[in-house]
Amino acid sequence: MATRVLSGTRPTGKLHLGHLLGALENYKKLQGQDAFFMIADLHALTTDNEGKTDVAANVFEIVIDYLASGLDPEKCTMFVQSEVLEHANLALLFSNITPLGWLERNPTYKDQIAELKGKELHTHGFLGYPVLQAADIAIYKAEKVPVGEDQLPHLELTREIIRRFHHLYKANIFPEPEAVLTQAPKVPGLDGRKMSKSYDNCIYLGDSRETVVKKIKGMMTDPARKLREDKGNPDICPVFYYHKLFNKERVEGVAHECRNALRGCVDCKMEMVAKLNEFLDPVRERRESWMKKKTEIRQILDKGARRAREVASSTYRQVLQAMGLVS
Ligand code: TRP
Ligand code: SF4
């Protein structure tokens, strides 16, 4: 039997190169399994809680990005979290058996509160974020969960909630889910820090060729290399890092010429960005073609939700039985 896989993306904006080489590559490898890829719109509401964001528009962006990255709706189930009511229901049931201490100790909780200052995050929903995530995973009896390292504490909490549920209700309904981490290295952003929307240093899947060229022109290089005659250090240069990803066959030559001041940074960037654009072309093409197919996209999500509901409602029924809520 194929392995049941579930993962999700919060629709808080467009996806970027870091997502493409990280999460999405990981998804693509697993899409031949019994894989569910969810747009976690309920999770987006834990931080976008002032009614100012057009969540539906963001959901659409993520589906387009999923499809552009090469995820195939014939091979996996793509759906929107809020269209499958059992997620919220199971989260409510789990909330009764989740001690507050587990949630308060959650490192991502503390980090996010610190990072997103200015937002009202002292809410029940935000503290309970991992309970909803546990429900997302458990409701599909997922065994593998492709995520980034930052999600490991949530996976651990999911297993703890599952164990506690089994123990309290003398049932054995859910497998203990395991994270599948991406092999891909972190992609630096234009300023050399981790690529992230909040740093405004991203290359988005939807960026045109011209936009990418413009962004790379402004990309950070070895800061000590002020003049063309200065020898550079490729090892600390994010442009060189991109050569390693997208211009593999020329890496040694580039490093040598940089170290000996045989190439200027502008030329170096132009050589790299041509390769980067070649890599992104098929993604852009798929993106553009899906943009014109809104009806088909709606159908993909409808079909996904139907399939997801089938699995979720059957698990939910087992949960109610185990808890003695139905006989
Ligand atoms: N918390 C995840 C993130 O921010 C998104 C998510 C929601 C998720 N539910 C999930 C990931 C279930 C894996 C499984 O990236
Ligand atoms: Fe970076 Fe290339 Fe300039 Fe060297 S030559 S510092 S690798 S951009």
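Which of the 14 residues around ligand 1 come nearest?

## Residues around ligand 1

In this predicted model, the residues that come nearest to ligand 1 are His43, Tyr129, Gln133, Asp136 and Gln151, out of 14 around the ligand. Sorted by type, the shell around ligand 1 holds seven nonpolar, five polar and two charged residues.

## Polar contacts and burial of ligand 1

Three side chains can be listed with their distances to nitrogen atoms of ligand 1:

- Tyr129: an N or O atom of the side chain is 2.7 Å from a nitrogen atom of ligand 1.
- Gln133: a polar side-chain atom lies 2.9 Å from a nitrogen atom of ligand 1.
- Gln151: an N or O atom of the side chain is 2.9 Å from a nitrogen atom of ligand 1.

Ligand 1 taken alone exposes 370 Å², and 90% of that area is buried by the protein. Two or more residues of the shell around ligand 1 come from each of the elements β1 (4-9), α8 (129-138) and β4 (144-147). With four residues, α8 supplies the largest share of this shell.

## The site of ligand 2

Which residues surround ligand 2? They are Thr221, Asp222, Arg225, Cys237, Val239, Phe240, Cys258, Arg263, Cys265 and Cys268. Two elements, α11 (238-246) and α13 (265-291), each give two or more residues to the shell around ligand 2.

By type, the shell around ligand 2 consists of six nonpolar residues, one polar residue and three charged residues. The largest cavity is the space that ligand 2 takes up.

## The chain as a whole

How many helices and strands are there in the chain? The chain has 14 helices and five strands. Its radius of gyration is 22 Å, close to the 20 Å given by the globule rule for 327 residues, so the chain is as compact as a globular protein of that length.

The C-alpha trace of the chain spans about 80 × 45 × 40 Å along its principal axes.

## Summary of the two sites

For ligand 1, the shell draws two or more residues from each of β1, α8 and β4, and the protein buries 90% of the area that the ligand exposes when taken alone. For ligand 2, the elements giving two or more residues to the shell are α11 and α13, and the space taken by the ligand is the largest cavity.

Notes: Residues are numbered from 1 along each chain as its sequence is written. Chains are lettered from A and ligands numbered from 1 in the order in which they are written. This is a predicted model: local features need pLDDT of at least 70, side-chain atom pairs count only at pLDDT 80 or more; totals for chains, interfaces and linings use all residues. Side-chain values use heavy atoms; hydrogens and water are left out. A residue is near a molecule or strand if one of its heavy atoms lies within 4 Å of it. On a 1 Å grid over the protein atoms alone, a cavity is a set of points where a 1.4 Å probe fits but cannot get out, and a pocket is an open set with protein on both sides within 12 Å along at least five of seven lines; lining residues have an atom within 4 Å of a point. A molecule sits in a cavity or pocket if more than half of its atoms lie within 2 Å of its grid points. Ala, Val, Leu, Ile, Met, Phe, Trp, Tyr, Cys and Pro count as nonpolar, Asp, Glu, Lys and Arg as charged, and the others, Gly among them, as polar. A polar contact is a pair of N or O atoms within 3.5 Å; within protein, one must be able to donate a hydrogen and the other to accept it, and residues adjacent in sequence count only if both atoms are side-chain atoms. Accessible areas come from the Shrake-Rupley method with a 1.4 Å probe; for residues, only the protein chains shown count as cover. The radius of gyration is taken over C-alpha atoms; the globule rule is 2.2 Å times the number of residues to the power 0.38.
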